[in-house]
Amino acid sequence: MSFRMRTGFFLQTRTGCGSTTGPVSRVLKYCNSRSLAVVPQGGNTGLVGGSVPVFDEVIINMASMKNVVSFDKVSGILVCEAGCILENLISFLDNQGFVMPLDLGAKGSCQIGGNVSTNAGGLRLVRYGSLHGNVLGIEVVLANGDVLDMLGTLRKDNTGYDLKHLFIGSEGSLGIITKVSILTPPKLSSVNLAFLACKDYSSCQKLLLEAKRRLGEVLSAFEFLDNQSLDLVLNHLEGVRNPLPPSMHNFYALIETTGSDESYDKEKLEAFLLRSMEGGLISDGVLAQDINQASSFWRIREGVAEALMKAGAVYKYDLSLPVEKMYNLVEEMRIRLGDSSKVIGYGHLGDGNLHLNISTPQYDDMILAQIEPFVYEWTSKHRGSISAEHGLGLMKANKIFYSKSRESVQLMASIKKLMDPNGILNPYKVLPHSLSYS
Ligand code: FAD
Ligand code: MLT
Ligand code: ZN
């Protein structure tokens with residue numbers, strides 16, 4: 001089945017005839033032999049334009065490869081096709097008494113193949129680590145159509161170079177992932193979530209340090225948002241309300257714990273909250289009383305991206321920075337832009353990942369010129385990363401040098417040339433255009 005869609009040709013992987021890797025392989029073989037460019041596409045939720053065609057590329061959408069291949073209840077190893085929607089995998093595992101080591105706001109649409117290809121971070125990285133640790137194996141189709149079976153289910157395997165890591169986070173530029181094997185932890189019975197207010201950023205930082213020290217073994221998320229982010233959510237998303245009485249708090253933190261002993265875990269969190277309140281790190285807070293209240297707290301944090309899209313134009317930056325410096329950038333940006341825009345900061349504080357977003361009524365080149373290259377130079381000066389978790393895609397490919405040396409980028413380009421000599425896989429993405437075709 002194929003049909004035309006906007007700029008590119010759209011091909012969907014088919015199910016029903018056993019393996020669906022075969023057709024992906026045949027399409028790539030054909031495209032490679034005729035130097036036709038392709039764009040691998042998952043749920044299309046990426047935030048850097050990686051999954052959209054630029055000119056006339058063939059889109060290979062993975063949506064139909066949505067089967068769970070196997071699940072081993074003893075080891076917790078899940079093997080599934082790349083087009084499985086993350087939320088479906090979360091539900092599948094929940095029924096088996098396990099959890100996905102990855103969760104993010106786009107879970108209802110994004111696919112595991114897209115998650116692995118972007119090395120997505122999300123809300124629980126502070127607990128389970130990155131996909132480089134959790135993905136045990138992948139099956140991938142190379143540019144020439146060859147199928148590389150690296151679908152291992154071993155926790156330890158030091159036989160030569162671990163090639164799967166090349167594909168994790170390569171954003172479809174080195175191959176198309178068709179299957180994934182992933183290690184999933186058992187579901188624990190007690191999950192607690194607190195929504196807290198802090199008077200300033202310094203208190204948020206101290207709270208994070210204390211949470212790591214005192215909640216260490218049960219801490220499963222530490223997220224933050226500033227009051228400007230909360231205002232956006234309250235103003236643009238229906239049915240969302242502030243769980244705390246209206247008062248002028250500058251920052252909010254969500255702290256989640258996950259453990260195996262309900263009374264012990266709750267007591268531990270309550271003692272931590274009391275101590276933090278007495279020490280002045282928290283100015284107000286509420287502990288979710290049930291799963292519905294917990295979902296309403298998460299809705300606030302996960303809803304920031306959606307609220308921004310509803311508010312108008314948005315300039316998005318996804319930065320890794322030293323936690324102590326991170327919020328200075330938001331404040332400096334506010335001073336630079338004055339009243340012309342809303343500058344907000346939120347993100348995965350536990351991972352040192354700031355989402356700096358600038359919301360304006362419409363896109364304006366003058367505003368962009370005030371933001372860039374300043375934001376990239378600032379990040380580079382503090383030895384941060386200009387893409388913590390979203391990838392480079394189309395929008396940030398040419399910015400790579402702010403975070404990587406010329407030598408590293410040159411080596412990446414050589415690897416790309418070796419694996420995709422005709423440059424058919426996701427052109428114009430990840431690597432700067434000048435290098436990917438040299
Ligand atoms: P797509 O957007 O379809 O593709 C992303 C990239 O991967 C493209 O370059 C594409 O070519 C490539 N690709 C897709 N599938 C394959 C495949 N099978 N083989 C090879 N290449 C492939 N990201 C985070 O990291 N953390 C977050 O917390 C987070 N929250 C988000 C919240 C919202 C509301 C939204 C809209 C996005 C969020 N994202 C987040 C970004 C995005 O959801 C992730 O990058 C996600 O992993 C993309 O998955 P996808 O299936 O939609 O991939
Ligand atoms: C998030 O953490 O909410 C996402 O990465 C989306 C975003 O950055 O807006
Ligand atoms: Zn994020």
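This is a selection-by-selection tour of a predicted model, with three ligands among the stops.

**Stop 1: strand S9**

Select residues 176-183. This is strand S9, and eight of its eight residues are buried. Now add its partners. Strand S6, residues 77-81, pairs with S9 in the antiparallel sense over five bridges. To find the register there, show leucine 78 and isoleucine 182, which are bridge partners. Next add strand S7, residues 135-141. S7 and S9 are also antiparallel, with six bridges. Here, isoleucine 138 is matched with valine 180 of S9.

Keep the strand on screen and pick serine 181, which sits in S9. Is serine 181 buried or exposed? Serine 181 counts as buried because its relative accessibility is 0%, below the 20% cut-off. Its side chain has a polar contact to follow: draw a distance to the backbone oxygen of glycine 152, and you should read 2.7 Å.

**Stop 2: ligand 1**

Select ligand 1 and show its surroundings. How many residues surround ligand 1? There are 35, and the closest are Pro40, Gly42, Asn44, Thr45 and Gly46.

Three polar contacts are worth drawing.

- Glycine 46: a backbone N or O atom is 2.7 Å from an oxygen atom of ligand 1.
- Serine 51: a polar side-chain atom is 3.4 Å from an oxygen atom of ligand 1.
- Glycine 122: a polar backbone atom is 3.3 Å from a nitrogen atom of ligand 1.

Switch on a surface. On its own, ligand 1 exposes 970 Å², and the protein buries 94% of that.

Now colour the shell by element. Strand S3 (38-41), helix H3 (112-118) and S9 each give at least two residues to the shell. That brings the strand from the opening stop back into view. Which element supplies the largest share of the shell around ligand 1? Helix H3 does, with five residues. Colour by class instead, and the shell around ligand 1 splits into 22 polar, eleven nonpolar and two charged residues.

Stay by H3 and select asparagine 119, in the loop between H3 and helix H4 (125-128). Check its backbone: phi is near 50°, a positive value in a residue other than glycine. For context, most residues other than glycine have a negative phi.

**Stop 3: the zinc ion**

Select ligand 3, the zinc ion. Which residues coordinate the zinc ion? They are His348 and His355, each through NE2, and Glu389 through OE, at 1.9 to 2.1 Å. In sequence, the donors follow the spacing H-x6-H-x33-E. Histidine 348 and glutamate 389 link distant parts of the chain, 41 residues apart. Histidine 348 belongs to strand S15 (residues 342-348), while glutamate 389 lies in the loop between helix H14 (374-381) and helix H15 (406-419).

Both of these donors are covered. Histidine 348 counts as buried because its relative accessibility is 3%. Glutamate 389 is buried too, at 12%.

**Stop 4: ligand 2**

Keep the zinc donors visible and select ligand 2. His348, His355 and Glu389 appear again in its surroundings, together with Leu47, Arg301, Ala305, Lys316, Tyr346 and His390. By class, this shell has three nonpolar, three polar and three charged residues.

Draw three side-chain contacts to oxygen atoms of ligand 2. Arginine 301 gives 2.7 Å. Lysine 316 gives 2.8 Å. Histidine 355 gives 3.0 Å. Alone, ligand 2 has 270 Å² of accessible area, and the protein covers 85% of it.

**Stop 5: backbone details**

Select glutamate 372 and proline 373. A cis peptide bond joins them, with omega at about 5°. Proline 373 is in the loop between helix H13 (365-371) and H14. Most peptide bonds are trans.

Move on to valine 430, in the loop between H15 and helix H16 (433-436). Valine 430 has a positive phi of about 70°, although it is not a glycine. Valine 430 is also buried, with a relative accessible area of 11%.

**Stop 6: across the model**

Finish with a long distance. Select glycine 285, in strand S13 (residues 284-287). Glycine 285 counts as partly exposed, at 30% relative accessibility. Add alanine 413, 128 residues away along the chain, and join the two C-alpha atoms: they are separated by 49 Å.

Terms used:
Residues are numbered from 1 along each chain as its sequence is written. Chains are lettered from A and ligands numbered from 1 in the order in which they are written. This is a predicted model: local features need pLDDT of at least 70, side-chain atom pairs count only at pLDDT 80 or more; totals for chains, interfaces and linings use all residues. Side-chain values use heavy atoms; hydrogens and water are left out. Buried means under 20% relative accessible area, exposed over 50%, partly exposed in between (1.4 Å probe, protein chains only). Helices (H or I, at least four residues) and strands (E, at least two) are DSSP runs, numbered from the N terminus. Two strands pair if DSSP finds at least two bridges between them. A residue is near a molecule or strand if one of its heavy atoms lies within 4 Å of it. A polar contact is a pair of N or O atoms within 3.5 Å; within protein, one must be able to donate a hydrogen and the other to accept it, and residues adjacent in sequence count only if both atoms are side-chain atoms. Accessible areas come from the Shrake-Rupley method with a 1.4 Å probe; for residues, only the protein chains shown count as cover. Ala, Val, Leu, Ile, Met, Phe, Trp, Tyr, Cys and Pro count as nonpolar, Asp, Glu, Lys and Arg as charged, and the others, Gly among them, as polar. Donors are N, O and S atoms within 2.8 Å of the metal (3.2 Å for Na, K and Ca); water is not among the atoms, so sites may look incomplete.
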